[in-house]
Amino acid sequence: MNNILNAPFMEEMRKTTANMYRLGWDERNGGNISCLLDEGEVREYLDLNVVLRTIPLGFNAAPLAGRLFLVTGTGKYFKNMDADPENNLGVVRITSDGQAADLLWGYRDGGRFTSEFPAHLMSHIARLAVDPENRVVMHTHPTHTLAMNYIHELDEKKFTHTLWEMCTECIVVFPEGVGVLPWMLCGTTSIGEATAAKMKDFRLVVWAMHGIYGAGKTMDETFGLIETVEKAAQIYMLTAHLPRRNTIQDDQLRELAEFFGVNYRKDFLS
């Protein structure tokens, strides 16, 4: 059996968390990622009949029963993921009744999955219903996106429109826009349910004064979505206090979206 540390999904997770820490998005134990794994691929690296322990979820994830996830651990620092993945990451399988997760590998120090894992699972369920190829849910604290929360209206139409105006590529990369939630207590079922409801329409959801959730088919795609929002937010924060002489007009945004054939939120434009 191959060493799981050499598995492609493990390499992707280690590379992504290292990049997110390097960019300053995930201070201390801020941020978490979960990735839905292919059972056939995992079998090359793990005996799926060996369960180390079973960890309660605190909610019913029955639609994901039997599915395998690679997920970051609670209280773990992204800066340590690459050097010590077995303490900081875990491979889990959702039990048949959806009430718990069987630990198959990782959390060697007795830890468990991130406290946001139920919220992740709710978002996985929501995204899989609209995109069966969705595999990744990523939560992070990108600096400029977070700063933008404090000076911009927290209205998803207005927030999205501002981001689209900042970079020509934005409406092409996230044509459905960005969902926005008001401040809510993190680590709760309520914020998980609210995020999942937004995930039916958006791949990106801002948690006001906290961070952002992103979903996608791969680590690269999901990271790229958040990276593009962060770049647009950075440009906004660099220019918000200055008189604006130029901007991308709505008719130009329409031209972009239609040229690249993306299904954009027409109601987010005037």
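Visitor: How many residues does helix α4 have, and what span from its first C-alpha to its last is expected at 1.5 Å a residue?
Guide: In this predicted model, helix α4 covers residues 117-130 and reaches 20 Å from its first C-alpha to its last. That reach is close to the value expected at 1.5 Å a residue for a helix of 14 residues, namely 20 Å.

Visitor: How many of the residues of α4 are buried?
Guide: The buried residues of α4 include F117, P118, A119, H120, L121 and M122, and also S123, H124, A126, R127 and L128. The helix is therefore described as mostly covered, since residues count as buried under 20% relative accessible area, and of its 14 residues the number that are buried is 11.

Visitor: Which elements do the buried residues of α4 pack against?
Guide: The packing partners of these buried residues include the strands β1 (32-37), β3 (68-72) and β4 (89-94). To these are added β6 (136-140), α8 and β9 (211-216).

Visitor: Is H120 buried or exposed?
Guide: H120 has its place in helix α4, and it is in contact with N32, I33, S34, V137, M138, H139 and Y213, leaving aside its neighbours within four places in sequence. Of these, S34 is 86 residues apart from H120 in sequence, yet the two are 6.9 Å apart in space, C-alpha to C-alpha. Because the relative accessible area of H120 is 0%, the residue is buried.

Visitor: Which residues does H161 touch, not counting residues up to four places away in sequence?
Guide: H161 is found in helix α6, which runs over residues 156-166, and it is buried because its relative accessible area is 18%, while the cut-off for burial is under 20%. The residues it touches outside its sequence neighbourhood are D250, L253, F268 and L269.

Visitor: How many of the residues of α6 are buried, and what covers them?
Guide: The buried residues of α6 are F159, T160, H161, T162, L163, W164, E165 and M166, that is, 8 of its 11 residues, and the helix is mostly covered. What covers them includes α5 (143-148), α7 (170-173), β7, β8 (204-207), α9 and α10 (250-259).

Visitor: Which parts of the chain does the salt bridge between K76 and D109 tie together?
Guide: K76 and D109 form a salt bridge in which the closest N and O atoms are 2.4 Å apart. K76 counts as buried because its relative accessibility is 12%, whereas D109, with a relative accessible area of 46%, is partly exposed. The two residues are 33 residues apart in sequence, so the pair ties together the loop between β3 and α3 (85-88), which holds K76, and the loop that holds D109, between β5 (100-106) and α4.

Visitor: How far apart in sequence are K217 and D131?
Guide: In the salt bridge of K217 with D131, the closest N and O atoms are 3.2 Å apart. K217 counts as partly exposed because its relative accessibility is 35%, whereas D131, at 14%, counts as buried. The pair links distant parts of the chain, with K217 in the loop between β9 and α9 (219-239) and D131 in the loop between α4 and β6, and their separation in sequence is 86 residues.

Visitor: How many salt bridges does a search of the whole structure find?
Guide: One further pair is R265 with D267, whose side chains meet at 2.8 Å, N to O. R265 is partly exposed, with a relative accessible area of 27%, and D267 is partly exposed as well, with 42%. Salt bridges that share partners also join D84, E86 and R108 into one network, and for the whole structure the search finds 13.

Visitor: How many disulfides does a search of the whole structure find, and how far from C167 is the nearest cysteine sulfur?
Guide: The number of disulfides found is 0. C167 is in no disulfide, a pair of sulfur atoms having to lie within 2.5 Å to count as one. The nearest cysteine sulfur to C167 is that of C170, at 4.2 Å.

Visitor: About how much accessible area do the residues of the nonpolar surface patch have together?
Guide: One of its members, W183, lies in the loop between β7 (179-181) and α8 (189-199), and it is exposed because its relative accessible area is 53%. With W183, the patch is formed by Y150, I151, L154, L185 and M209, and together they have an accessible area of about 640 Å².

Key
Residues numbered from 1 in each chain as written. Predicted model: local features only at pLDDT ≥ 70, side-chain atom pairs only at ≥ 80, totals over all residues. Heavy atoms only, no water. Helix = DSSP H or I, 4+ residues; strand = E, 2+ residues; numbered from the N terminus. Buried < 20%, exposed > 50% of the residue type's maximum accessible area, 1.4 Å probe, protein only. Contact = heavy atoms within 4.5 Å. Patch = residues over 30% accessible without salt bridge, like charges linked within 9 Å, V, L, I, M, F, W, Y side chains within 5 Å. Areas by Shrake-Rupley, 256 points an atom, 1.4 Å probe, with all protein chains shown as cover. Salt bridge = Lys/Arg side-chain N within 4 Å of Asp/Glu carboxyl O. Expected span 1.5 Å × (residues − 1).
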